[in-house]
Amino acid sequence: MDDLEFRRRLLADPSDPELQASKTDSPSHQRYADDIADLDSKIDQALRVDVPEDLADKILFSQTTGGEQPVRQSRWYLAIAASIAFVFGLTLGQFNWGDSRLDLNRTALAHYYHEQAFIEGINESATVAQVNAKLQPFGKAFSELPGEVTYINHCSFGGQHALHMVMQASGQVYTVFVVPSASQGPAEKSDGKMRSVSRPVQAASVIVVGELNGQPTPLAEQLQQQLTPTAI
């Protein structure tokens with residue numbers, strides 16, 4: 001079961017018995033399931049607002065007298081509103097579909113470090129046709145690829161589905177993401193060891209992560225030129 005299918009089935013039915021076996025076989029699936037469970041726990045905790053035992057008496061009292069009681073009651077409602085706002089903030093942070101404020105290069109670097117150990121040494125020798133099959137849900141396709149694709153799959157990128165590739169080109173290894181989120185223009189970010197370069201392509205972006213002594217910029221520009229829209 002690939003990552004995209006696992007995420008869809010987990011969100012639809014967490015009790016699906018096939019998901020338990022998939023979590024056991026895949027560390028990335030287990031991490032994603034743990035993240036969802038942690039989010040559910042935070043939402044549950046945020047909704048647990050203690051109701052004062054004497055609330056009913058206070059409401060009845062406020063209906064017959066003036067004074068400060070309405071102020072105290074309004075504070076209780078504010079606590080409820082704050083908890084609901086917190087829950088929505090958590091949810092939007094976890095499922096931030098297409099947020100234009102997403103820092104693509106920062107997210108790409110974090111994703112690279114998070115996944116690099118799990119896919120190191122894999123060589124799937126994927127063809128252009130296999131890559132384009134993974135891109136089909138995004139309405140994109142590569143006319144050609146300037147290197148050998150050793151790994152390809154869908155991934156969760158800043159709360160949205162994306163394509164994750166590892167490519168070997170000109171003797172260097174690069175991590176490539178195709179994200180259905182358009183950047184404002186060419187951008188890059190470095191952490192002193194790795195560099196991430198992003199290029200917009202219609203309503204999407206190509207992001208290439210490579211070592212500082214590599215050539216991620218030319219590769220990103222080649223991929224930008226070769227990524228074309230297709231019918232979904």
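**Strand S7 and the sheet around it**

Q: What makes S7 a mostly covered strand?
A: In this predicted model, seven of the eight residues of S7 are buried. A residue counts as buried when its relative accessible area is under 20%, and seven of the eight in S7 meet that condition.

Q: How do you know that S4 and S7 are paired, and in which sense do they run?
A: Two strands pair if at least two bridges are found between them. Five bridges join S4 to S7, so the condition is met. The two strands run antiparallel. Within this part of the sheet, Phe 177 stands opposite Ile 207 in S7.

Q: How many bridges support the pairing of S6 with S7?
A: Strand S6, residues 194-201, pairs with S7 over eight bridges in the antiparallel sense, against a requirement of at least two. One residue of S7, Ser 205, is the bridge partner of Pro 200.

Q: What is notable about Gln 202 in the hairpin of S6 and S7?
A: The hairpin has two residues between its strands, and Gln 202 lies in that loop. Gln 202 has a positive phi of about 50°, although it is not a glycine.

Q: Why is Gln 202 given its accessibility class?
A: Its relative accessibility is 53%, and the class "exposed" begins over 50%. Gln 202 therefore counts as exposed.

Q: Where else is there a positive phi in a residue other than glycine?
A: Ser 170 has a phi near 55°. Ser 170 is placed in the loop between S3 and S4. With a relative accessibility of 80%, set against the limit of over 50%, Ser 170 counts as exposed.

Q: Why are S2 and S5 described as standing at the edges of the sheet?
A: Six strands form an open sheet in the order S2-S3-S4-S7-S6-S5, with antiparallel pairing. S2 and S5 (187-190) each have a single partner strand, so one side of each has no neighbour in the sheet. From one strand to the next, the twist averages 20°.

Q: How do you know that S5 belongs with S6?
A: Four bridges join these antiparallel strands, where at least two are needed for a pair. One of the links is between Ala 187 and its bridge partner in S6, Ser 198.

Q: Which helices lie on the sheet, and at what angles?
A: H6 lies across S2, S3, S4, S5, S6 and S7, and runs at about 120° to S6. Helix H7, residues 128-135, also packs on the sheet, where it touches S2, S3 and S4. The direction of H7 makes about 5° with that of S2.

Q: What makes up the lining of the second largest pocket?
A: The second largest pocket has a volume of about 320 Å³. Of its 19 lining residues, Tyr 112, Gln 116, Val 166, Val 173 and Thr 175 are the closest to its centre. H6 (104-119), S2 (148-157), S3 (160-169), S4 (172-179) and S7 (204-211) each supply at least two lining residues. S4 gives the most, with four residues. By class, the lining holds nine nonpolar, seven polar and three charged residues.

Q: Why is Thr 175 assigned to its accessibility class?
A: Thr 175, found in S4, has 6% relative accessibility. The limit for the class "buried" is under 20%, so Thr 175 counts as buried. Beyond residues up to four places away in sequence, Thr 175 touches Tyr 112, His 164, Met 165, Val 166, Ile 207, Val 208 and Val 209.

Q: Is Leu 102 buried or exposed, and how do you know?
A: Leu 102 lies in the loop between helix H5 (69-94) and H6. Its relative accessible area is 17%, which falls under the 20% limit, and Leu 102 is therefore buried. Leaving aside residues up to four places away in sequence, Leu 102 touches Thr 107, Phe 157, Gly 158 and Gln 160. Leu 102 and Phe 157 are 55 residues apart along the chain, and their C-alpha atoms are separated by 9.9 Å.

Q: What does the chain come to as a whole?
A: Its secondary structure comprises eight helices and eight strands. Of its 232 residues, 41% count as buried. Among contacts between residues at least 6 apart in sequence, 53% join residues at least 24 apart.

Key. Residues numbered from 1 in each chain as written. Predicted model: local features only at pLDDT ≥ 70, side-chain atom pairs only at ≥ 80, totals over all residues. Heavy atoms only, no water. 1 Å grid on protein atoms, 1.4 Å probe; cavity = no way out; pocket = protein on both sides within 12 Å on 5 of 7 lines; lining within 4 Å. Points joined across faces, edges and corners; volume = space filled by probe spheres on them. Nonpolar A, V, L, I, M, F, W, Y, C, P; charged D, E, K, R; others polar. Buried < 20%, exposed > 50% of the residue type's maximum accessible area, 1.4 Å probe, protein only. Axes fitted to C-alpha atoms, helices over the stretch in contact; angles between N-to-C directions. Contact = heavy atoms within 4.5 Å.
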